[in-house]
Amino acid sequence: YAPPSGYKALCTANLPEPAIPLPSAHFNTVLYAGDNTNSNAVTGVGFQPDFVWVKKRDTSGQDHVLQDAVRGFTPSKKLSSSSALGENNTSDGATDPRWGYISAAGSDGFTVSDNNEEGDQTNKSGGTYVSWNWKANGSGSTNTVGSLDAVVSSNAAAGFSIVTYTGNGSAQSIGHGLSKDLEFLVVKNRDANASWVVQVSTTVNDYMYLNGTDGIQQSSIFGLDITRSNDGTFYYGGPNYMGANGVDYLAYCFHSIEGYSKIGSYTGNGNASGPFISTGFKPAWVMVKRTDVAKDWIILDVKRDIDNVANHRLFPNLADAEATAQLPMDISSNGFKLRISDSNYNANAGTYLYMAFAESPFKTANAR
C-alpha cells in the first residue's frame, strides 16, 4: 500500500545516498604472486595508492612492509608493523633491497622489487601476498595548523591522512588534515628502534602498541590526545618519546565515515553464536584487537575469504604466515558476526577494538 503522506516505504532504495558510493576508490585489497624480479607490477587497485601495506601469506618469518607516498617508495623508507626497527636499521632486511620493497606507485597499483635476490618480504618467486591499499593525496604538502609544522597527505572525504613531522624537544600539536577528531592514530619513530604507538581512546594518555600484544595501557610518557575539539590536530605531551629534538616521525590518522569506515568497540559474550557488530556497510577488511588483556591484532578481508565464513587471518604484530585454523567470522551486508567462543574474538565480557572498511555501502550491498 502507499505509505502515509510524509513517509517512505522501508526499503534499501529509500536509504540516504552514501557519502562514498564506491568504497574501492579509496581502499582496496589486492592479492598477487611474487616473481623474483626487480619490477613486478601489481595492478587492480583501482587508484594510485598512497599507503601500501604488504604481507607474505604462505611462509612465516617475513615482516609486514608498510610504505607511503609521503616518505617515498624506496627501500630506505620501509617500516614494518611487526617490528620496532626504524627506517635507518638494516637488521632483518629492514632497508635491504634484497628482501623486497615497494619501489613505485602507479595509476592502478604499485611495483614491488627485490634487486634480483630473494625478495621474500614482497616478491619471492611463487610466494603469495596480500596488499592493503589506501588513497590519500599524493606526496603531501606543508600543514601549519598545529604548533609544529608537518607534511600531510590527506583524503578528508575518506577520513584518512598520512603525516610526517620532526620533533623539537617539546610538547606540540600536529595538524592531521582531516575535518573531524581522530578515532585511530598510530605514530612511529622513523629514526630509531621504537614501538608503533596507537591511541584509540578519548582518554588522554591511553595507548597500545601495534607491534605488541598488550591491551590498552595508560602512561603520561606519550601524553597523546586525539580529541582536540575538531581543531584539526592531535597532541603529544611526552616530547622525549613522540617529539624528540631532530627526530623524524610518521603518523597514520583515521576517523569513521558513515557507510565507508567504522572504528568502534564491542563486548564478547563467550558463546559460539557471538555478537553481531553493525558497521552500516558490507565490510571489505576488518581488524580486531582485544583491549582488556594481551592478545594479537588480527586482520581479515574478503579477498582472501571470498565466501563466509571468513577465517584466513594475518597478524599486524607478527611475522607469521597466514593462519587458517577455525576462528570463523561472518561478513554480512551491514556488519560482521563472530561464530566462535574464543579469547581472540569473543571472550565473555572481553572488550575489543575493531576497525573496518567497506566493500559496499548497505544501500547497495549484497549478502555473501
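Student: How far apart are the mean positions of the positive and negative charges of the chain?

Tutor: The model is predicted. The chain carries 26 positive and 34 negative charges. Averaged separately, the positions of these two groups are separated by 5 Å.

Student: What radius of gyration does the chain have, and what would a compact globule of 368 residues have?

Tutor: The C-alpha trace spans about 65 × 50 × 40 Å along its principal axes. For a compact globule of 368 residues the expected radius of gyration is near 21 Å, and the chain agrees with that, at 20 Å.

Student: Which secondary structure elements make up the chain, and how many of each are there?

Tutor: Residues 24 or more positions apart supply 63% of the contacts that have a separation of 6 or more. As for the elements themselves, the chain has one helix and 24 strands.

Student: What percentage of the residues count as buried?

Tutor: The exposed area of the chain is about 13900 Å², and 47% of this area comes from carbon and sulfur atoms. Buried means under 20% relative accessible area. Of the 368 residues, the share that counts as buried is 57%.

Student: Which residues have the most contacts inside the largest nonpolar core, and which strand gives the largest share of this core?

Tutor: In soluble globular proteins, nonpolar side chains tend to be buried together. The largest nonpolar core here has 57 residues, and Trp134, Phe184 and Tyr252 have the most contacts inside it. Its largest share, seven residues, comes from residues 351-361, which form strand 24.

Student: How many residues are in the second, separate core?

Tutor: Leu182, Leu185, Val187 and Met242 are included in this second core. The core is separate, and its residues number 23.

Student: Which tryptophan residues are in contact with tryptophan 134, leaving aside its neighbours within four places in sequence?

Tutor: Tryptophan 134 belongs to the largest nonpolar core. Its contacts include Phe27, Phe47, Phe51, Phe160, Phe254 and Phe357. His26, Pro49 and Asp50 are also among them. The tryptophans in contact with it are Trp53 and Trp285.

Student: Is serine 113 buried or exposed?

Tutor: Serine 113 is in strand 6, which covers residues 109-113. Proline 18 is 95 residues from serine 113 in sequence, and their C-alpha atoms are 38 Å apart in space. The relative accessible area of serine 113 is 2%, so this residue is buried.

Student: Is threonine 291 buried or exposed, given its place in a loop?

Tutor: The loop in question runs between strand 20 (281-290) and strand 21 (297-301). Beyond residues up to four places away in sequence, threonine 291 touches Met208, Gly215, Ile216, Thr351, Tyr352 and Leu353. Its relative accessible area is 14%, so threonine 291 is buried.

Student: Which residues are joined by a cis peptide bond with omega of about 5°?

Tutor: Most residues other than glycine have a negative phi, and most peptide bonds are trans. In this model a cis bond has valine 309 as one partner, and valine 309 is in the loop between strand 21 and strand 22 (329-332). The residues joined are asparagine 308 and valine 309.

Student: What are the phi values of asparagine 36 and asparagine 205?

Tutor: Asparagine 36 is in the loop between strand 1 (27-33) and strand 2 (40-43), and at 29% relative accessibility it counts as partly exposed. Asparagine 205 is in the loop between strand 13 (197-199) and strand 14 (206-209). Each has a positive phi in a residue other than glycine: near 60° for asparagine 36 and near 85° for asparagine 205.

Student: Which residues are in contact with alanine 157, leaving aside its neighbours within four places in sequence?

Tutor: Alanine 157 sits in the loop between strand 9 (150-155) and strand 10 (160-166). Its relative accessibility is 48%, so it counts as partly exposed. Tyrosine 260 is 103 residues away in sequence, with a C-alpha to C-alpha separation of 10.0 Å. The contacts of alanine 157 are Ile20 and Ile257.

Student: What distance separates the C-alpha atoms of threonine 74 and tyrosine 101?

Tutor: Threonine 74 is in the loop between strand 4 (65-68) and strand 5 (101-106), and it counts as partly exposed at 32% relative accessibility. Beyond its neighbours within four places in sequence, it contacts Gln67, Tyr101 and Ile102. Threonine 74 and tyrosine 101 are 27 residues apart along the chain, and their C-alpha atoms are separated by 7.1 Å.

Methods:
Residues numbered from 1 in each chain as written. Predicted model: local features only at pLDDT ≥ 70, side-chain atom pairs only at ≥ 80, totals over all residues. Heavy atoms only, no water. Helix = DSSP H or I, 4+ residues; strand = E, 2+ residues; numbered from the N terminus. Rg over C-alpha atoms; globule rule 2.2 N^0.38 Å. Buried < 20%, exposed > 50% of the residue type's maximum accessible area, 1.4 Å probe, protein only. Contact = heavy atoms within 4.5 Å. Areas by Shrake-Rupley, 256 points an atom, 1.4 Å probe, with all protein chains shown as cover. Lys, Arg positive; Asp, Glu negative; His and termini not counted. Charge placed at Lys NZ, Arg CZ, Asp CG, Glu CD. Core = buried A, V, L, I, M, F, W, Y, C linked by side-chain atoms within 4.5 Å.
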